[in-house]
Amino acid sequence: MEYKSVLDIFQQGIGWVGLLILSPMLFCFSYVLMQYLINRFFPVTKITIEHIHDGVVQSTTEIDLCSKDPIIKQLDNLSKRKKSNCAM
């Protein structure tokens, strides 16, 4: 066995070990990159909140993220509407 072939085997082994050590970091990096690209080209504009009690959906609320009103104000308006509907 030549000296050069032993070094090649050692270098190849070090390369595989390095790849195994770096693979979780590369996986996380690729996951973050894909989430960024998906959210960049297909942004989320509405969020649906479901109130679930004992496995049954009690109510659903939809919030518009493109609205000029802040989210807190949207939730306050929705809660006021629900209270006025219950009073009738």
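**Exercise 1. Find the residue that takes a positive phi in the hairpin of strand 1 and strand 2.**

Start at the turn of this predicted model. The hairpin has 2 residues between its strands. Step through them and check the backbone angles: D54 takes a positive phi, near 55 degrees.

**Exercise 2. Work out how strand 1 and strand 2 run and how many bridges join them.**

First mark the two elements: strand 1 covers residues 46-53, and strand 2 covers residues 56-64. Next, follow their directions, which are antiparallel. Then count the bridges, and you should reach 8. As a check on the register, look at I47: its place is opposite I63 in strand 2.

**Exercise 3. Place the strands in the pattern that the protein follows along the sequence.**

Begin with the inventory, which holds 2 helices and 2 strands. Now read along the sequence, and the order comes out as α-β-β-α.

**Exercise 4. Compare the radius of gyration of the protein with that of a compact globule of 88 residues.**

Take the reference first: such a globule would have a value near 12 Å. The protein itself has 27 Å. Now turn to the box filled by the C-alpha atoms, which is roughly 90 × 35 × 15 Å along the principal axes. For burial, use the cut-off of under 20% relative accessible area; 5% of the 88 residues pass it. Finally, look at contacts with a separation of 6 or more: residues 24 or more positions apart account for 3% of them.

**Exercise 5. Describe the accessible surface and the charges of the protein.**

The surface comes to about 8,200 Å², with 67% belonging to carbon and sulfur atoms. For the charges, take 9 positive and 8 negative ones; their mean positions lie 14 Å apart.

Technical notes. Residues numbered from 1 in each chain as written. Predicted model: local features only at pLDDT ≥ 70, side-chain atom pairs only at ≥ 80, totals over all residues. Heavy atoms only, no water. Helix = DSSP H or I, 4+ residues; strand = E, 2+ residues; numbered from the N terminus. Rg over C-alpha atoms; globule rule 2.2 N^0.38 Å. Buried < 20%, exposed > 50% of the residue type's maximum accessible area, 1.4 Å probe, protein only. Contact = heavy atoms within 4.5 Å. Areas by Shrake-Rupley, 256 points an atom, 1.4 Å probe, with all protein chains shown as cover. Lys, Arg positive; Asp, Glu negative; His and termini not counted. Charge placed at Lys NZ, Arg CZ, Asp CG, Glu CD. Pairing = 2+ DSSP bridges.
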